[in-house]
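I opened this notebook to record what I looked up, entry by entry. The structure comes first and my notes follow.

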Amino acid sequence: IDCGVLFRIFKHKLDMMKTFRLAMVQLAVGKDKAKNVQQACQLIRNAAQKGANMVVLPECFNSPYGPSYFPEYAETIPGTSTDALSAVAKECSIFLIGGSLPEKDGDKLYNTCPVFNPSGKLVAKHRKLHLFDIDVPGKIRFQESETLSPGNSLTVVDTDWCKVGIGICYDVRFPELALLYAKKGCKLLCYPGAFNMTTGPLHWEKLFTGRALDNQLYVAGVSPARDESASYVAWGHSVLVDPWGKVIGKCDHKEDTILVDIDADYVDTVRAQIPNQFQKRYDLYEVNEK
């Protein structure tokens, strides 16, 4: 075989190793936990059949979102819901970022994102770092801290294509976290999240775009679908932003799955064009993990 042909075949395979298909599942979540888990697993299978290598679920994929629901729906990890996610990750041979679920650990509750590799092994568990405590007079008051405890560690997942940093919803409002993930070599940040009808229209897409531009990497925000009858109504509009700040995947408020091919090398291309990663004034400021 001609050497040039061999080189092109090798280069194509190498390029394929750096490109993967991401699926963002905007799941319709109700009050029936078993049904939520069953539907999530079916949508994961559907995404895998369409070539997804990595699937991301929304925040609180197995329960309604709200402090009054967390104690009732909380379970240990491993537990019923994560056992199902582990099995479907192995069945489909995918990396699965399991949105989040209320986790019970001793006498504490956490909002936790479990992550599984293609063998179904639990490889990471991110507990939401910044609890969603807000009070917008006349519009919304929400206090996660009434029932939840915060996590205390960053979560980086090694995949076949790149490192992935995990945050949950309100975590996206803290640029220091995204910066630390970028410093750790992450090229994709995934934030399962459930913004509401007050903050969602104005802030949702802007925040994910901001984190992508700040750090020149891919950022995914994965929401549950909107349920107008729920006590907490999610904005929806799951979104994926590339390192140039371009929205390359999005949907509206209904249940849907977004499939986008991600080229991890594009992060390096953008950073070479605008090399602000190497132009920081660390003599004046710096953000470090404690």
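Against which elements do the buried residues of H5 pack? I note at the start that the model I am reading is a predicted one.

**Entry: helix H5**

I looked up H5, which covers residues 175-183. Its buried residues pack against E6, strand E9 (156-158), strand E10 (163-166), E11, helix H6 (200-215) and helix H7 (265-273). Within H5, I found Leu177, Ala178, Leu179, Leu180, Tyr181 and Ala182 to be buried. Just after H5, I noted Gly185, with a positive phi of about 95°.

**Entry: His126**

Next I went to E6, residues 122-127, where His126 has its place. Is His126 buried or exposed? I read a relative accessible area of 0% for His126, and because buried means under 20%, His126 counts as buried.

I then asked which polar partners the side chain of His126 has. One is the side chain of Asp171, in a polar contact at 3.2 Å. Another is the backbone oxygen of Ile166, which lies 3.4 Å from a polar atom of the His126 side chain.

I also listed what His126 touches, leaving out residues up to four places away in sequence. The list has Asn111, Thr112, Cys113, Ser153, Thr155, Ile166, Gly167, Ile168, Asp171 and Tyr181. Tyr181 is also one of the buried residues of H5.

**Entry: nonpolar cores**

How many residues are in the largest nonpolar core? I found 48, and those with the most contacts inside this core are Leu22, Met54, Ile97, Val164 and Leu188. Strand E11 (residues 186-192) gives the largest share of this core, 5 residues. Apart from this core lies another, of 23 residues, among them Val25, Leu27, Val55 and Leu96. I add a general remark here: in soluble globular proteins, nonpolar side chains tend to be buried together.

I picked Ile97 for a further check. Setting aside neighbours within four places in sequence, Ile97 is in contact with Met54, Val55, Val56, Leu57, Cys113, Pro114, Val115, Val164, Ile166 and Cys190. Two names in that list, Cys113 and Ile166, I had already written down as residues that His126 touches.

**Entry: strand E1 and its partners**

I looked at E1, residues 19-26, and found 6 of its 8 residues buried, so the strand is mostly covered, given that buried means under 20% relative accessible area. Which strands does E1 join, and in what sense? E1 runs antiparallel to strand E15 (residues 256-263), with 8 bridges joining them. On that side, Thr19 stands opposite Asp263. E1 runs parallel to E2, with 3 bridges, and there Ala23 stands opposite Val55.

**Entry: the E13 and E14 hairpin**

I followed strand E13 (residues 239-241) to strand E14 (residues 247-250); the two pair in the antiparallel sense over 3 bridges. Val239 stands opposite Lys250 in E14. E13 and E14 form a hairpin with 5 residues between them, and Gly245 in the turn has a positive phi of about 90°.

**Entry: backbone oddities**

Which residues other than glycine have a positive phi? I wrote down Cys60, at about 50°, and His237, near 60°. Cys60 is in the loop between strand E2 (54-56) and H3, and Cys60 is buried, with a relative accessible area of 2%. His237 lies in the loop between strand E12 (218-222) and E13.

I also found a cis peptide bond, from Ile77 to Pro78, with omega near 0°. Pro78 is in the loop between helix H3 (70-73) and helix H4 (80-92).

**Entry: Asp135**

I located Asp135 in strand E7, residues 133-136. How far is its C-alpha atom from that of Asp160? The separation is 42 Å, for two residues that are 25 apart along the chain. Leaving out residues up to four places away in sequence, Asp135 touches Ile140 and Arg141.

**Entry: cavities**

Last, I checked for enclosed space. I counted 2 cavities of 30 Å³ or more, and the largest has a volume of about 40 Å³. Which residues line the largest cavity? I listed Phe132, Cys169, Tyr170, Arg173, Ala194, Phe195, Asn196, Thr199 and Tyr232.

Technical notes
Residues numbered from 1 in each chain as written. Predicted model: local features only at pLDDT ≥ 70, side-chain atom pairs only at ≥ 80, totals over all residues. Heavy atoms only, no water. Pairing = 2+ DSSP bridges. Helix = DSSP H or I, 4+ residues; strand = E, 2+ residues; numbered from the N terminus. Core = buried A, V, L, I, M, F, W, Y, C linked by side-chain atoms within 4.5 Å. Buried < 20%, exposed > 50% of the residue type's maximum accessible area, 1.4 Å probe, protein only. Contact = heavy atoms within 4.5 Å. Polar contact = N/O pair within 3.5 Å; in protein donor to acceptor, adjacent residues only side chain to side chain. 1 Å grid on protein atoms, 1.4 Å probe; cavity = no way out; pocket = protein on both sides within 12 Å on 5 of 7 lines; lining within 4 Å. Points joined across faces, edges and corners; volume = space filled by probe spheres on them.
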